[in-house]
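Biologist: I should be grateful for a close look at one part of this model, followed outward into its surroundings. Please take a single residue as the point of departure and proceed from there in one connected account.

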Amino acid sequence: MIRTAIVGTGGIAGVCHVPALRAQAHRAEIVAAVDVDALRAEEFAAGHGIPAVHTDLHTMLREQRPDVVHLCTPPFLHAEQAVACLEAGAWVWCEKPVALSLAELDRVEAAEGPAFAGAVFQHRYGSGA
Ligand SMILES: NC(=O)c1ccc[n+]([C@@H]2O[C@H](COP(=O)([O-])OP(=O)(O)OC[C@H]3O[C@@H](n4cnc5c(N)ncnc54)[C@H](O)[C@@H]3O)[C@@H](O)[C@H]2O)c1
């Protein structure tokens, strides 16, 4: 089973990321939820049957050893958190925008290998684009 963790347990995490992961339940499990708001994380985990709750990304990475981390935090945190995940050997599925500048994106790219980061950018496939 692919061990996944969700970081940032706000709106998009519950509306999109949990259902997407549950649709892959034959091959992926959600092992941890992380939020700086402990109560929000606890309620999210309880509501979705997620066994572990953390308020710190680094502690979660150390203790849970996820294969994939979904970053659903505010944009200013994405690059820094993506680098932390990649350095811990976890692949990253990051909400948009993955970075706030090309310099930040360079830092994410530099941290890739053997794990890699991808970003949610679903509207690129929409009719408007
Ligand atoms: N793909 C889409 O269509 C789509 C739609 C909505 C939001 N988004 C993106 O999703 C991301 C989150 O948006 P949202 O609407 O869910 O926001 P939100 O404010 O509802 O949730 C963000 C959560 O991150 C938590 N958080 C803040 N700092 C943290 C930290 N250091 N560690 C762990 N958790 C932390 C907050 O406490 C909050 O619970 C944003 O990047 C946004 O652009 C994408």
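Modeller: The residue chosen is T4, which belongs to strand β1. The model is a predicted one, and what follows should be read in that light.

T4 has a relative accessible area of 2%. Since the limit for a buried residue is under 20%, T4 counts as buried. Its side chain reaches the backbone oxygen of E29 at a distance of 2.8 Å. Leaving aside residues up to four places away in sequence, T4 touches L21, A28, E29, I30, V31, A32, P66 and V68.

Two of these partners lead to a nonpolar core: L21 and I30 are among its eleven residues, as are V18 and F44. This core lies apart from the largest one. The largest nonpolar core holds 25 residues, and those touching the most other members are M60, L61, V69, L71 and C85. Two or more residues each are supplied to this core by β1 (2–7), β2 (28–34), α3 (57–64), β4 (68–71), α4 (78–87) and β5 (91–94). Strand β1, where T4 is placed, is thus one of the contributors. In soluble globular proteins, nonpolar side chains tend to be buried together.

M60 shows how such a residue is surrounded. Beyond its sequence neighbours up to four places away, M60 touches A5, V7, A32, V34, H54, R65, P66 and V69. A32 and P66 are also on the list of contacts of T4. R65, by contrast, is exposed, at a relative accessible area of 52%. The loop between α3 and β4 contains R65, and the phi of this residue is near 45 degrees, a positive value in a residue other than glycine. Most residues other than glycine have a negative phi, and most peptide bonds are trans.

The strand that follows this loop contains H70, a residue of β4. H70 is buried, at 7% relative accessibility. Its side chain makes a polar contact of 2.8 Å with the side chain of H17. H17 is also listed among the residues that H70 touches beyond four places in sequence, together with A5, I6, V7, L21 and W93. L21 is therefore a partner of H70 as well as of T4, a residue whose relative accessible area is 2%.

Helix α4 gives the largest core its largest share, six residues. Eight of the ten residues of α4 are buried, and the helix is mostly covered. The buried ones are H78, A79, Q81, A82, V83, A84, C85 and L86. Their cover includes β1, α3, β4, β5, α5 and β6, so that strand β1, the place of T4, takes part in it, T4 itself being buried at 2%. Just after α4, G89 adopts a positive phi of about 90 degrees. The C-alpha atom of G89 is separated by 25 Å from that of A38, 51 residues away along the chain. A38 is located in helix α2 (residues 38–48) and is partly exposed, at 32% relative accessibility.

Helix α4 also leads to the ligand: together with α1 (11–22), it gives two or more residues to the surrounding shell. That shell has 20 residues, of which G11, I12, D35, R40 and Q122 are the closest. By character they are divided into eight nonpolar, eight polar and four charged. A polar side-chain atom of R40 lies 2.6 Å from a ligand oxygen atom. Backbone N or O atoms also approach oxygen atoms of the ligand, that of G11 at 2.9 Å and that of T73 at 3.3 Å. The ligand taken alone exposes 850 Å², of which the protein buries 72%.

Two peptide bonds complete the account. The bond from K96 to P97 is cis, with omega near -10 degrees, and P97 is placed in the loop between β5 and α5 (102–110). G113 and P114 are likewise joined by a cis peptide bond, with omega about 5 degrees. P114 is in the loop between α5 and β6 (117–119).

Technical notes. Residues are numbered from 1 along each chain as its sequence is written. This is a predicted model: local features need pLDDT of at least 70, side-chain atom pairs count only at pLDDT 80 or more; totals for chains, interfaces and linings use all residues. Side-chain values use heavy atoms; hydrogens and water are left out. A nonpolar core is a set of buried Ala, Val, Leu, Ile, Met, Phe, Trp, Tyr and Cys residues joined through side-chain atoms within 4.5 Å. Buried means under 20% relative accessible area, exposed over 50%, partly exposed in between (1.4 Å probe, protein chains only). Helices (H or I, at least four residues) and strands (E, at least two) are DSSP runs, numbered from the N terminus. Contact means heavy atoms within 4.5 Å. A residue is near a molecule or strand if one of its heavy atoms lies within 4 Å of it. A polar contact is a pair of N or O atoms within 3.5 Å; within protein, one must be able to donate a hydrogen and the other to accept it, and residues adjacent in sequence count only if both atoms are side-chain atoms. Accessible areas come from the Shrake-Rupley method with a 1.4 Å probe; for residues, only the protein chains shown count as cover. Ala, Val, Leu, Ile, Met, Phe, Trp, Tyr, Cys and Pro count as nonpolar, Asp, Glu, Lys and Arg as charged, and the others, Gly among them, as polar.
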